[in-house]
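Trainee: Got a minute to go through this model with me? I'd like to start with the strands.

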Amino acid sequence: MGVRGCPVRLDLAADRAVEYALGALEAAGAGPGGVRHRIEHVETLRTEAIKQFAGLGVIASMQPTHCTDYVQADGSDNWSVRLGPERAARGWRLADLNTAGVPLVLGSDWPIADHDPRGILAAAQLRRPGALPTRTPVSPGQAIDARTALAGYTTRSAWAVGEENIAGSLAVGKRADLAAFSADPLRSSPDELAECAVLATVVGGEVVHEA
């Protein structure tokens with residue numbers, strides 16, 4: 001697998017699959033400060049796996065809207081029914097991973113799920129869809145704050161793919177990929193952010209959308 005000198009990206013979801021991958025990375029010599037390996041679609045996790053993520057420095061790449069758009073708090077959805085209540089209760093443990101010091105990055109899983117970062121940032125904080133306050137949150141104790149969510153979508157994501165020197169933040173000399181919202185992602189409520197206007201979108205320094 002060549003993990004000593006080359007990053008490995010694994011698309012996994014279930015707890016056993018994630019634990020198998022972590023074990024393989026550990027056996028191959030993965031460790032903190034080395035090559036940046038990551039596991040995508042981390043869904044249901046045992047606490048032992050979270051400790052292993054942290055110990056190995058493996059990146060957890062997660063999609064918050066998978067939890068809020070496809071899962072119901074009462075466990076009546078297809079995902080929860082198939083996994084059973086015990087494993088479903090361990091789904092999308094954003095807060096636990098972040099608290100354990102695991103490098104946490106966020107994404108959309110587009111085109112399977114909606115690519116809009118406004119809804120994804122809101123879902124990470126609310127554990128329900130943004131602008132739908134009547135929906136019951138799914139495991140609300142796993143919510144993360146606005147700054148952690150924004151970092152997971154920007155600076156941490158750039159770092160995860162080795163592009164922290166050219167992308168992920170606004171700085172002279174970096175690739176100008178950005179979107180300007182009418183709401184502040186750090187100060188506005190997540191519900192407001194989910195519905196705010198997109199004032200402009202810039203890709204590689206070129207304005208491709210302007211309201």
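Mentor: Sure, terms before anything else. Two strands pair if DSSP finds at least two bridges between them. Helices (H or I, at least four residues) and strands (E, at least two) are DSSP runs, numbered from the N terminus.

Trainee: And which residue stands opposite T201?

Mentor: H209 in β7 stands opposite T201. Before we go on, this is a predicted model: local features need pLDDT of at least 70, side-chain atom pairs count only at pLDDT 80 or more, and totals for chains, interfaces and linings use all residues. Residues are numbered from 1 along each chain as its sequence is written, and side-chain values use heavy atoms, with hydrogens and water left out.

Trainee: What's the strand order in the open sheet?

Mentor: The order is β5-β6-β7, three strands with antiparallel pairing. β5 and β7 are the edge strands; each has a single partner, so one side of each lacks a neighbour in the sheet. From one strand to the next, the twist averages 15 degrees. For that angle, axes are lines fitted to C-alpha atoms, for helices over the stretch in contact, and angles run from 0 to 180 degrees between N-to-C directions.

Trainee: How many bridges between β5 and β6?

Mentor: Four, in the antiparallel sense. A180 stands opposite A200 in β6. A200 also stands opposite E210 in β7. β6 and β7 (residues 206-210) pair over four bridges, again antiparallel.

Trainee: What links β6 to β7?

Mentor: A hairpin, with two residues between the strands. G204 sits in the turn with a positive phi of about 60 degrees.

Trainee: How many of the five residues in β7 are buried?

Mentor: Zero, so β7 is hardly covered. Buried means under 20% relative accessible area, exposed over 50%, partly exposed in between (1.4 Å probe, protein chains only).

Trainee: Pockets next. What's the volume of the largest pocket?

Mentor: About 1,400 Å³. The method uses a 1 Å grid over the protein atoms alone. A cavity is a set of points where a 1.4 Å probe fits but cannot get out. A pocket is an open set with protein on both sides within 12 Å along at least five of seven lines. Lining residues have an atom within 4 Å of a point. Grid points are joined across faces, edges and corners, and a volume is the space filled by probe spheres set on the points.

Trainee: Which residues lie nearest the centre of the largest pocket?

Mentor: P117, Y153, T154, D177 and L178, out of 46 lining residues. The elements giving two or more residues to this lining are β2 (38-40), β4 (104-106), α7 (117-126), α8 (146-153), α9 (155-160), β5 (178-181) and β6 (198-203).

Trainee: How does the lining of the largest pocket split by class?

Mentor: It has 22 nonpolar, twelve polar and twelve charged residues. Ala, Val, Leu, Ile, Met, Phe, Trp, Tyr, Cys and Pro count as nonpolar, Asp, Glu, Lys and Arg as charged, and the others, Gly among them, as polar.

Trainee: And what about the second largest pocket?

Mentor: Its volume is about 180 Å³. It is lined by 16 residues, with Q72, A73, S80, A88 and A89 nearest its centre. α4 (78-83) and α5 (85-88) each supply at least two lining residues. By class, the second largest pocket has nine nonpolar, six polar and one charged.

Trainee: Backbone oddities now. Which peptide bond is cis?

Mentor: The one from W110 to P111, with omega near 10 degrees. P111 lies in the loop between β4 and α7. D109 is in that loop too, and has a positive phi of about 65 degrees although it is not a glycine.

Trainee: Why flag that?

Mentor: Most residues other than glycine have a negative phi, and most peptide bonds are trans. H41 is another to check, with a positive phi of about 60 degrees. H41 lies in the loop between β2 and α2 (47-56).

Trainee: Is H41 buried or exposed?

Mentor: Buried, at 17% relative accessible area.

Trainee: How many disulfides?

Mentor: Zero, taking a disulfide as a pair of cysteine sulfur atoms within 2.5 Å. C67 is buried at 2% relative accessible area, and C196 is buried at 6%.
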